Amino acid sequence: MNENDSEKLAGMLRQIGWTPAEKAEESGLIIVNTCSVRENADDRAFGNIGKFKTYKRKNPDMILAVCGCMMQQPEIVAELRQKHPQVDIIFGTHNLHRFPQILGNFIAAGEQITEIWDESDAVVEDIPVENKYPFKAYVTIMQGCNNFCSYCIVPYTRGREHSRQPERILDEIRGLADRGVIEVTLLGQNVNSYGNDLEIGIDFATLLRQVNEIDGIRRIRFMTSNPKDFTDDVIAAMAQCEKVMPSCHLAMQSGSTRVIRRMNRHYTKEEAIALVRRIRDEVPGAVITTDIIVGFPGETEEDFQDTLDLVRACRFDSAFSFIYSKRHGTPAAEMEDQIPDEIKHDRLNRLLEVLHTVSAQINAPFQDQTVDVLVEGPSARDASRLTGRTAGGKLVNFTGNFDDIGRIVPVRIDKAGTFSLTGVQTAAEAD
Ligand code: SF4
């Protein structure tokens with residue numbers, strides 16, 4: 001969501017005549033788009049702002065703006081103002097669409113501006129977006145979240161759920177397809193509750209089926225999903241719609257029913273495992289990834305063993321695993337039974353060992369197979385090779401034709417690693 005917001009900021013800036021600078025230190029404007037989901041993201045943002053302040057000392061005309069989830073927290077804005085008075089513009093998540101006006105006001109008056117809205121009533125439409133890739137795009141289908149998981153800051157920084165009208169989403173995707181986009185990722189904090197607030201009888205499964213009908217689009221992805229809202233109808237849509245890719249990110253967070261309850265997430269370990277089984281039964285080759293938090297307040301060794309059990313039973317293709325970090329203002333931050341750091345680190349290491357073992361086992365059968373890969377561009381590790389994603393979303397680095405960037409091509413896998421696949425392109429565009 002944060003990346004998509006940055007693409008919107010870039011789109012709005014392009015529309016009013018700004019172009020990207022080669023180097024940050026030479027630019028006329030730097031925007032730090034912050035994330036609040038974990039403590040280290042907060043720390044990184046403050047570190048970056050400190051670095052950009054030194055650029056501004058050398059180039060006093062440079063405009064420094066800060067936005068994003070951190071700015072929706074008054075105590076952080078106060079700290080920012082005190083530690084970094086050189087910041088010119090502060091704005092929040094709900095008024096991102098107003099950035100061109102705010103920037104214009106700053107340029108006209110030359111005075112610091114802080115403009116933060118507490119809430120927004122609806123999703124603002126028609127914001128220009130500068131997509132990072134010409135052939136794939138994020139499409140926000142809803143904003144905010146109603147779930148209030150006890151560790152999470154998102155409902156406080158992004159507000160309550162607001163779904164976009166389906167015709168606006170479909171129009172946007174048709175427009176993207178006309179411009180050559182072949183892959184869309186439908187975005188929301190909890191896409192599976194899409195439509196609940198619209199009262200027009202649409203749900204996420206129906207939306208998937210409608211997007212599947214759009215000519216030109218070849219791959220449809222979505223994220224993120226709370227297991228409690230992942231319906232059998234969504235599984236059926238995944239199974240029946242040829243363009244909906246066999247992949248989903250199911251944020252499990254813990255395998256302990258007791259911890260899941262304390263997290264205010266409404267499912268049990270058994271229900272989570274049964275859901276993954278249903279997806280794997282119905283959607284052949286489904287790639288299922290997850291998020292796991294270790295060291296949530298009160299997590300016992302027995303609870304942690306339940307998480308390891310869940311990982312072994314669900315056999316996630318990959319996972320983002322995190323050490324629990326307190327988010328100010330959330331119920332979990334006030335819980336008394338916080339876990340000591342050394343226990344959290346020990347559990348994270350043990351979890352990673354199991355996750356990596358499972359990932360290696362799942363990837364091994366790809367050896368010597370040919371997979372269809374959407375070619376994204378040069379590999380970050382070796383610019384003489386290409387990188388791309390399989391239908392399930394697995395990362396592939398391969399030797400191939402640079403003219404095929406943006407196309408789906410067959411790649412024969414010659415090395416199936418734990419975190420990625422390696423191979424050679426075998427032909428031009430796949431059928
Ligand atoms: S569903 Fe996701 S975004 Fe919403 S409160 Fe829970 S963790 Fe946060």
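## A walk through the predicted model

Thr224 makes a good starting point: this residue sits in the loop that links strand S9 (219–223) with helix H8 (232–240). The peptide bond leading into that residue, from Met223 to Thr224, is cis, and its omega is near 5 degrees. Please keep in mind along the way that the model is predicted.

From here, turn to Phe230. Setting aside the neighbours within four places in sequence, Phe230 is in contact with Asn192, Phe222, Ser225, Ile235, Met238, Cys248, Leu250, Leu275 and Ile279. Phe230 also belongs to the largest nonpolar core of the structure, which has 59 residues. Along with Phe230, the residues with the most contacts inside that core are Val184, Leu186, Phe204, Phe222 and Ile279. Helix H13 (residues 341–363) is the element that gives the most to this core, with six residues.

Stay with helix H13 for a moment, since Lys344 is found in it. Is Lys344 buried or exposed? Its relative accessible area is 8%, and buried means under 20%, so Lys344 counts as buried. Around Lys344, leaving out neighbours within four places in sequence, the contacts are Val294, Gly295, Ile323, Tyr324 and Ile339.

If you follow the chain on from H13, you come to the loop between H13 and strand S13 (370–378), and this is the place of Asp368. Asp368 has a phi near 70 degrees, a positive value in a residue that is not glycine. With a relative accessible area of 42%, Asp368 is partly exposed. Another residue to look at in this respect is Gln253, which has a positive phi of about 70 degrees and is not a glycine either. Gln253 is in the loop between strand S10 (247–249) and helix H9 (257–262). Here the relative accessibility is 8%, so Gln253 counts as buried.

Strand S13 brings us to a barrel. How many strands make up this closed barrel? There are five, running S13-S14-S15-S17-S16, and their pairing is mixed. On average, neighbouring strands of this sheet are turned by 50 degrees against each other, with direction ignored. Both senses of pairing can be seen around S15. On one hand, strand S14 (residues 386–389) and strand S15 (residues 395–399) run antiparallel and are joined by four bridges. Arg389 has Leu395 in S15 as its bridge partner. The hairpin of S14 and S15 has five residues between the strands, and in it Gly393 takes a positive phi near 100 degrees. On the other hand, S15 pairs in the parallel sense with strand S17 (residues 421–425), again over four bridges. Phe398 has Gly423 in S17 as its bridge partner, while Thr399 stands opposite Val424 in S17.

Now compare an open sheet elsewhere in the chain. Four strands form it in the order S1-S2-S3-S4, and the pairing is parallel. Which strands lie at its edges? They are strand S1 (29–34) and strand S4 (113–115), each of which pairs on one side only. Neighbouring strands in this sheet are turned by 10 degrees against each other on average, direction ignored. Strand S3 (residues 89–91) runs parallel to S4, and three bridges join the two. One of the residues in this pairing is Ile90, whose bridge partner in S4 is Thr114. Helix H4 (residues 99–109) lies across S1, strand S2 (63–68), S3 and S4, and runs at about 155 degrees to S3.

Ile90 also takes us back to the theme of nonpolar cores. Recall the largest core, with its 59 residues. Apart from that one lies another core, of 17 residues, and Ile90 is among its members, together with residues including Ile49, Tyr55 and Met62.

The last stop is the ligand. What surrounds it? The residues are Cys145, Asn147, Phe148, Cys149, Tyr151, Cys152, Val154, Pro155, Gln189, Asn226 and Arg265. Sorted by class, this shell has seven nonpolar, three polar and one charged residues.

How values were computed
Residues are numbered from 1 along each chain as its sequence is written. This is a predicted model: local features need pLDDT of at least 70, side-chain atom pairs count only at pLDDT 80 or more; totals for chains, interfaces and linings use all residues. Side-chain values use heavy atoms; hydrogens and water are left out. A nonpolar core is a set of buried Ala, Val, Leu, Ile, Met, Phe, Trp, Tyr and Cys residues joined through side-chain atoms within 4.5 Å. Buried means under 20% relative accessible area, exposed over 50%, partly exposed in between (1.4 Å probe, protein chains only). Contact means heavy atoms within 4.5 Å. Two strands pair if DSSP finds at least two bridges between them. Axes are lines fitted to C-alpha atoms, for helices over the stretch in contact, and angles run from 0 to 180 degrees between N-to-C directions. A residue is near a molecule or strand if one of its heavy atoms lies within 4 Å of it. Ala, Val, Leu, Ile, Met, Phe, Trp, Tyr, Cys and Pro count as nonpolar, Asp, Glu, Lys and Arg as charged, and the others, Gly among them, as polar.
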